[in-house]
Amino acid sequence: MELRGKDMVGLRNITSQEIELILDTAVPMKGIINRQIKKVPTLRGRTLVTVFYEASTRTRTSFELAAKYLSADTVGIAAATSSVSKGESLKDTARNIAAMGADVVVLRHPMAGAAELLANTLSASVINAGDGAHEHPSQALLDLFTVREKKGRLDGLKVAIIGDILHSRVARSDIWGYTRMGAEVRLAGPATLIPKDIEKTGARVCGKIEDALAGADVVNVLRIQTERQQQGLFPSLREYSRMFCINRERLRLAAPDALLMHPGPMNRGIEISPDVADGLQSVITEQVTNGVAVRMALLYLLIGGGAR
């Protein structure tokens, strides 16, 4: 089986079989990461270009490491130090990159739909590393991989996603991914941070955080985007912490073996307490490791193993 398209721009229209293929492919990729010599020749001669219009640590680094572990060449472009600062359009930047022979472009952009625009413009593969508040498919896939690795399944699990749903591209991709794989998704957060009609995605909005956490197998905490606090979407960070911070007491409402997850970066003491973030149920560090494995799988399937 192969992925249907040349790109990975989101999980909204992906099939459960394609998700399974990516997760299954990531298993041997994680084995490569755990070797003493982390190198295989699978993508030798291929080139990956990362184009980031927003700051990133984990996503950008993990894509570049994933490419290097598979022996691909990598080039990183930051908007602030490129011709974008001179007024060059996204399309022209991408066309110039493709003209230089890039096989895959990894794009992070503040505008929703930017990755799809690029995918429809280029013959090279495009991977969405986050477009505005729209989607972040590779983050959702690594979340699914982590849960399946720990729980042995995804179907039938209860997943609570807590926090700033409105501005979270991770939340949207997670919802599409978890529901496609048969999990029940519950959402909780300040009413001003819950998007209108979000239940059309198949997730259930809970009026109380306690209802979302009750018996949950997975608790996925989202970052409160403090840069948006000036919009007055909730009274204060202190008030948010009092009402929605995942601490030890709230985590006890979930299943005893519930997994605690966070896409990072964490605002400790605001959306998550330090003792919980570093506790026995936390798999946050493992998410980072699994992110490299999943991105290796994506690169392999799009420009290696797919044999397009």
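This passage describes two sheets, one buried arginine and one helix pair in a predicted model.

Five strands form an open sheet with parallel pairing. Their order is E7-E6-E5-E8-E9. Strand E7 covers residues 204–205, and strand E9 covers residues 259–261. Both stand at the edges of the sheet. Each has a single partner strand, so one side of each is left without a neighbour in the sheet. Within this sheet, strand E5 spans residues 158–162 and strand E6 spans residues 184–188. The two run parallel and are joined by five bridges. One residue pair can be named here: Lys 158 has Glu 184 of E6 as its bridge partner.

Strand E6 also holds Arg 186. The relative accessibility of Arg 186 is 6%. Arg 186 therefore counts as buried, since the cut-off for that class is under 20%. The side chain of Arg 186 makes a polar contact of 3.0 Å with the side chain of Glu 184. Glu 184 thus appears twice in this region: as the bridge partner of Lys 158 and as the polar partner of Arg 186. Beyond its neighbours within four places in sequence, Arg 186 is in contact with a further set of residues. Among them are Lys 158, Val 159, Ala 160 and Ile 161, and strand E5 covers residues 158–162. The set also includes Arg 204 and Cys 206. Asp 211, Ala 212, Leu 213, Ala 214 and Ala 216 belong to the set as well.

A second open sheet has four strands, again with parallel pairing. The order is E2-E1-E3-E4. Strand E2 (73–78) and strand E4 (125–131) are the edge strands. Each of them pairs on one side only. From one strand to the next, the twist averages 15°. Strand E1, residues 47–52, pairs with E2 in the parallel sense. Six bridges link E1 and E2. In this part of the sheet, Leu 48 stands opposite Thr 74 of E2.

Among the helices, H1 (residues 16–33) packs against H5 (residues 137–151). Their axes are 10 Å apart, at an angle of about 70°. This value falls in the range from 65 to 115 degrees, so H1 and H5 are roughly perpendicular to each other. H1 contributes Ile 19, Glu 20, Ile 22, Leu 23, Asp 24, Ala 26, Val 27 and Lys 30 to the contact. H5 contributes Leu 141, Leu 144, Phe 145, Arg 148 and Glu 149. Eight residues of this contact are nonpolar and five are charged. No polar residue takes part.

Notes: Residues are numbered from 1 along each chain as its sequence is written. This is a predicted model: local features need pLDDT of at least 70, side-chain atom pairs count only at pLDDT 80 or more; totals for chains, interfaces and linings use all residues. Side-chain values use heavy atoms; hydrogens and water are left out. Two strands pair if DSSP finds at least two bridges between them. Buried means under 20% relative accessible area, exposed over 50%, partly exposed in between (1.4 Å probe, protein chains only). A polar contact is a pair of N or O atoms within 3.5 Å; within protein, one must be able to donate a hydrogen and the other to accept it, and residues adjacent in sequence count only if both atoms are side-chain atoms. Contact means heavy atoms within 4.5 Å. Axes are lines fitted to C-alpha atoms, for helices over the stretch in contact, and angles run from 0 to 180 degrees between N-to-C directions. Angles under 35 degrees count as roughly parallel, over 145 as roughly antiparallel, 65 to 115 as roughly perpendicular and the rest as oblique. Ala, Val, Leu, Ile, Met, Phe, Trp, Tyr, Cys and Pro count as nonpolar, Asp, Glu, Lys and Arg as charged, and the others, Gly among them, as polar.
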